[in-house]
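Good morning, everyone, and thank you for making time for this. I would like to walk through one structure slowly, starting from its confidence scores and ending with the way its two copies meet.

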Protein chains: 2
Amino acid sequence: MTAASSAHVAAVDWGTSNMRIWLLDADGGVVSERRSDDGMAKAGEKGFGAVLEAHLAAMHAPADIPVVVCGMAGARQGWVDAGYLSLPAPIAGFAKQAVKGPGIGRDVRILPGLSQETPPDVMRGEETQIAGAASLGRGRHLVCMPGTHSKWVEVADGSVTAFRTAMTGELFALLAASSILRHSIGASPAQPAPDDETFGVWLDRALHHPEALTSLLFRIRATGLLGELSPRDAAAALSGLLIGSEIAAAQPAGDPKRRVVLVASGALGSLYDAALRRAGHAVEPVDADAAVRAGLFAAARALFFDGGPA
Amino acid sequence: MTAASSAHVAAVDWGTSNMRIWLLDADGGVVSERRSDDGMAKAGEKGFGAVLEAHLAAMHAPADIPVVVCGMAGARQGWVDAGYLSLPAPIAGFAKQAVKGPGIGRDVRILPGLSQETPPDVMRGEETQIAGAASLGRGRHLVCMPGTHSKWVEVADGSVTAFRTAMTGELFALLAASSILRHSIGASPAQPAPDDETFGVWLDRALHHPEALTSLLFRIRATGLLGELSPRDAAAALSGLLIGSEIAAAQPAGDPKRRVVLVASGALGSLYDAALRRAGHAVEPVDADAAVRAGLFAAARALFFDGGPA
């Protein structure tokens with residue numbers, strides 16, 4: 001990292017619960033990084049503009065630095081509704097549709113999400129990770145982006161052509177905390193290690209019987225009632241079932257063992273890597289943090305440095 | 001109904017959130033009925049014995065009336081652990097394994113649940129409805145018992161041979177109240193009418209793609225974001241998806257259109273009746289309230305009137 005004065009652009013990934021800001025130099029290199037829980041929920045109360053300015057000031061960002069934003073700041077209930085681009089959506093065109101962040105006397109551009117008409121689906125933020133994953137520029141790819149709402153994306157010749165969402169992360173949190181499974185899992189569910197045997201066994205169950213998910217969920221409880229199942233194993237079982245269901249539903253009918261580009265970071269990335277390989281997929285990992293940063297920088301270059309979009 | 005003095009036995013269906021007591025005459029006829037929210041949760045705090053005595057007193061039950069109980073009062077965290085009977089479990093033998101309700105100077109017998117070893121599953125309360133459904137005494141039957149934790153039960157020649165649980169009702173409540181779908185469904189989700197078109201459309205989606213449940217759930221949200229979906233329709237869609245998944249998972253591989261004995265009451269019974277017929281099943285409806293009462297009375301007769309179990 002170098003002095004803040006070398007920063008050319010601020011890149012913001014604004015999620016529902018968290019936000020991240022990077023100051024980037026003229027080549028997209030990281031000058032500094034800041035993470036906060038000022039996600040859409042909190043920022044909506046404090047005011048998005050004020051939150052952004054406070055973080056930029058704390059980072060000693062140059063006074064007139066332009067800002068590019070992806071994620072929930074562009075949702076209907078966010079800062080300003082940045083809308084959705086329809087499919088097929090050429091990756092190179094995402095930046096052109098950015099909207100201005102209103103009313104803070106600074107050049108802020110908020111990137112749109114993507115929407116699919118049939119069947120209905122939406123994403124907001126993940127499209128910028130796709131734009132930043134260099135390997136997706138050519139050819140056909142099946143992309144897995146795990147999270148609260150995991151995305152499985154078809155990319156062909158530089159365009160997003162289709163995607164589907166699975167509520168995996170949200171279901172894990174909800175079932176672990178508030179369903180009858182909480183009696184088995186306890187108060188602090190841990191994410192299983194990638195080589196956790198219980199995770200693997202329950203993953204296989206969901207891969208083989210994805211149609212039986214709501215029964216398999218109850219089986220976790222019954223297993224604990226009729227024998228021994230530690231809180232750790234119960235959490236691993238739940239994680240295995242939900243990730244297994246997600247993978248099973250996303251497997252293309254004609255080519256079930258297709259190579260998957262896994263855009264993820266940290267422990268969740270390692271867990272999905274193991275799960276996808278166990279399900280028979282070859283995996284090409286892409287770091288999600290680096291991808292979103294690269295996608296934001298590409299948008300900034302198009303918006304601010306190349307004279308703006310045509 | 002007749003005077004309380006004609007009551008021979010009190011029959012109690014003690015659930016997690018609610019309880020029902022009937023005073024029954026020597027032929028099993030209803031002398032009086034009482035419903036309360038003194039389910040396992042509340043009764044555990046107040047004391048099961050005290051709660052039972054208070055309700056019996058309010059009903060002017062004869063002082064020495066014996067009591068037969070099914071349901072969560074017999075759970076490990078209930079009044080006394082009545083255990084589980086293993087499969088295959090002959091229906092006629094359920095009462096023999098009842099345990100005594102402790103310490104209130106009254107003859108109280110609590111019926112056991114059923115447990116299945118492979119795959120692990122449990123029921124507690126539904127077995128008494130099965131015992132009370134006269135049509136299940138002979139032949140082979142597939143029984144659907146919808147609810148918070150729906151049960152699908154195989155009965156052959158008077159024995160329960162297998163069952164599976166689906167967390168349908170619990171998932172509906174949890175997803176409607178606490179997931180992202182709450183933004184689509186609103187604060188007071190209504191149960192759809194049996195002929196609700198939206199319910200039927202989403203039921204079909206789950207029947208055709210039960211492996212995609214966690215994606216179909218998110219599709220409810222996306223449909224609302226990209227177009228129009230009223231709170232009423234969003235609730236109907238969620239109900240359709242979950243009931244459709246349950247039915248799809250329970251359809252026997254060799255005989256997908258098998259006749260189903262539907263043990264249910266009221267609006268939920270009508271909804272499942274419509275759903276099962278739409279999925280191609282012939283349906284034989286059995287009233288769940290009458291069935292549990294008949295099952296409790298059959299147990300009482302074996303325990304108290306025939307000189308007790310052998």
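What follows is a short tour of this structure, taken one part at a time.

Before anything else, please keep in mind that this is a predicted model. The mean pLDDT of chain A is 93, and 97% of the residues of that chain reach 70 or more. If we go element by element in chain A, the lowest mean pLDDT, 92, belongs to helix α1, residues 40-46, while the highest, 98, belongs to strand β9, residues 113-116. For the model there are two further scores, an ipTM of 0.93 and a pTM of 0.94.

Let us turn to how chain A is divided. The domain assignment gives domain 1, which covers 4-135 + 290-305, and domain 2, which covers 168-288. The C-alpha centres of these two domains of chain A lie 31 Å apart, and the contact between them takes six residues from domain 1 and six residues from domain 2. On the domain 1 side of that contact, helix α10 of chain A, residues 288-305, gives the most, with three residues. Sorted by class, that side of domain 1 has four nonpolar and two polar residues, and no charged ones.

Now I would like to follow some strands of chain A, beginning with β1, residues 9-14, and its neighbour β2, residues 19-24. In which sense do β1(A) and β2(A) pair, parallel or antiparallel? They pair in the antiparallel sense, over six bridges, and they form a hairpin with four residues between them. To find this pairing on the screen, look for Val9(A), which stands opposite Leu24(A) in β2(A).

Strand β2(A) also pairs with β3(A), residues 30-36, again in the antiparallel sense and over six bridges. Here the bridge partner of Trp22(A) is Glu33(A), in β3(A). The hairpin of β2(A) and β3(A) has five residues between the strands, and in this hairpin Gly28(A) takes a positive phi near 90 degrees. As for the surroundings of β2(A), five of its six residues are buried, so this strand is largely enclosed by the rest of the structure.

On to strand β4 of chain A, residues 67-71, where five of the five residues are buried, so β4(A) too is largely enclosed by the rest of the structure. Which residues of β4(A) lie on each of its faces? Val67(A), Val69(A) and Gly71(A) are on one side, Val68(A) and Cys70(A) are on the other, and because all of them are buried, both faces are covered.

A general point may help here: strands of a sheet pair through backbone hydrogen bonds, either parallel or antiparallel. With β1(A), strand β4(A) pairs in the parallel sense over five bridges, and with β8(A), residues 108-110, it pairs in the parallel sense over three bridges. Val68(A) is a useful residue to follow, since it stands opposite Ala11(A) in one pairing and opposite Arg109(A), in β8(A), in the other.

For another sheet, let us move to chain B, where six strands form an open sheet in the order β6-β13-β12-β11-β14-β15, with mixed pairing. At the edges stand β6, 89-90, and β15, 283-287, each with a single partner strand, so one side of each is left without a neighbour in the sheet. Within this sheet, β11(B), residues 140-145, and β14(B), residues 260-264, pair in the parallel sense over three bridges, and the bridge partner of Leu142(B) is Val260(B), in β14(B).

Finally, how do the two chains sit relative to each other? A rotation of 180 degrees, with 0.0 Å of shift along its axis, superposes chain A on chain B with an RMSD of 0.0 Å, and the two copies are thus related as by a two-fold rotation axis. Of the residues of chain A, Glu211(A) comes closest to that axis, at 2.1 Å for its C-alpha.

At the interface, 34 residues of chain A are in contact with 34 residues of chain B. On the chain A side, α7(A) gives the most, with ten residues, and by class the residues of that side divide into 18 nonpolar, ten polar and six charged. Moreover, 100% of the interface residues of chain A are also interface residues in chain B, so the copies meet through the same surface.

How values were computed:
Residues numbered from 1 in each chain as written. Chains lettered and ligands numbered in written order. Predicted model: local features only at pLDDT ≥ 70, side-chain atom pairs only at ≥ 80, totals over all residues. Buried ≥ 20, exposed ≤ 12 C-beta atoms within 10 Å, placed from the backbone. Helix = DSSP H or I, 4+ residues; strand = E, 2+ residues; numbered from the N terminus. Pairing = 2+ DSSP bridges. Domains from an automatic or database assignment. Contact = placed C-beta atoms within 7 Å. Nonpolar A, V, L, I, M, F, W, Y, C, P; charged D, E, K, R; others polar. pLDDT = per-residue confidence, 0-100. Least-squares fit on C-alpha atoms with pLDDT ≥ 70 in both.
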